[in-house]
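Visitor: I would like to question the labels people put on a model. Can we take them one at a time?

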Amino acid sequence: MRFLNFGLVALSSLFAASAAAPTSAVPELSAIKDINVKQPSVEVELNRRTDDAVCSKIQSTLVEVKKHTSIINSTVSSVHGVVEKTEKLKIISVVKSEVTIIVQLITSLVGEITVLLTDITTITGSLKDEIVSVVVELLLEILLTLNNVISTLKITIFELLGPIVFALLAVVLHLLAILNVVIVDLLKIVFGLLGGVAGILSSVLAGLGGIISGLLTGLVGGALGLVGGIVGCIL
Ligand SMILES: *[C@@H]1O[C@H](CO)[C@@H](O)[C@H](O)[C@H]1NC(C)=O
């Protein structure tokens, strides 16, 4: 398992690096300034079992993420039939700022969980099931929302998000990688459950094919194992 986590983290950093490079290409960064990133309160954390805290942090992130996917949904819901160019650009711009906020939310989640996980060796039983299901719900929420936008506007995920899509992929992979350290087979289970929407996942990521398949050629078949295989199938 260790190599797998390493591979994932390496892949995440790779995406993060490619996303971070053209900073000027990421618009509406000012939108992030308004988010109040919650710092975990030490007193509260000490009174709670740490592994419970991991689960409840993912749950509260899901609640926050849904506020932003809901804004995206209502922006797109006005679209019927053919969209004129100005309106399309306006929608794209709203979606970009909302997804940027979602990336920030998951980034702070990853930071908080990483700290908590230093005290945990393994999570099993019903808490494991609960974490798996909330993680899957989080991924589906983002995936289905973005799928709805790209199919409504008839554009690719890259036309919609630009480099932000790499930041999103990176932080999602990072979240899965750190959870996989304490939850046996988390990746297998999550991707298994996502198997039901594999068609949607591949149609969303299809817009990236040309862009990252070259990047991945060097990785797939190397240390990436499962993830390389999955990404390889998708592309
Ligand atoms: C947004 O729309 C998607 C796709 O229809 C749906 O799966 C998701 O649950 C919606 N989210 C919210 C918060 O309404």
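Guide: What follows covers helix crossings, their contacts, the ligand shell and an annotation, all in a predicted model.

Visitor: Why are α6 and α10 called oblique to each other?

Guide: Their axes cross at roughly 55° and come within 10 Å. Angles under 35 degrees count as roughly parallel, and 65 to 115 as roughly perpendicular. The value fits neither class, and α6 and α10 are therefore oblique. The crossing is left-handed.

Visitor: Which residues make the contact of α6 with α10?

Guide: α6 gives Leu143, Leu146, Asn147 and Ile150. α10 gives Ile200, Leu201 and Val204. By class that is six nonpolar, one polar and no charged residues. Asn counts as polar, so Asn147 is the polar one.

Visitor: What makes α8 and α9 oblique?

Guide: Helix α8 (residues 164–182) and helix α9 (residues 186–194) cross at roughly 130°. Roughly perpendicular ends at 115, and roughly antiparallel needs an angle over 145. The angle falls between those limits, so α8 and α9 are oblique. The axes come within 8 Å. Leu176, Leu179 and Asn180 of α8 meet Leu186, Leu187 and Val190 of α9. Five of these residues are nonpolar, one is polar and none is charged.

Visitor: How do you know that α6 is oblique to α9?

Guide: Their axes cross at roughly 50° and come within 10 Å. Under 35 would be roughly parallel, and roughly perpendicular starts at 65. That makes α6 oblique to α9. This crossing is right-handed.

Visitor: How does the contact of α6 with α9 divide into nonpolar, polar and charged residues?

Guide: It has nine nonpolar, no polar and no charged residues. Val132, Val135, Val136 and Leu139 come from α6. Leu186, Ile189, Val190, Leu193 and Leu194 come from α9. Val, Leu and Ile count as nonpolar, so every name on that list qualifies.

Visitor: What surrounds the ligand?

Guide: Lys66, Thr69, Ser70, Asn73, Glu141, Leu144, Thr145 and Asn148 do. α4 (50–77) and α6 (125–153) each give two or more residues to this shell. By class, the shell has one nonpolar, five polar and two charged residues. Lys and Glu count as charged, so Lys66 and Glu141 are the charged pair.

Visitor: Which residues does the annotation "transmembrane region" cover?

Guide: The unreviewed UniProt entry gives 160–179, 186–205 and 211–234. In the model, residues 160–179 are 90% helix and 0% strand, with end C-alpha atoms 29 Å apart. Residues 186–205 are 85% helix and 0% strand, with end C-alpha atoms 22 Å apart.

Note on methods: Residues numbered from 1 in each chain as written. Predicted model: local features only at pLDDT ≥ 70, side-chain atom pairs only at ≥ 80, totals over all residues. Near = placed C-beta within 6 Å. Helix = DSSP H or I, 4+ residues; strand = E, 2+ residues; numbered from the N terminus. UniProt positions renumbered as here; feature names shortened; annotations may be inferred. Axes fitted to C-alpha atoms, helices over the stretch in contact; angles between N-to-C directions. Left-handed = near helix turned anticlockwise from the far one by under 90°. Contact = placed C-beta atoms within 7 Å.
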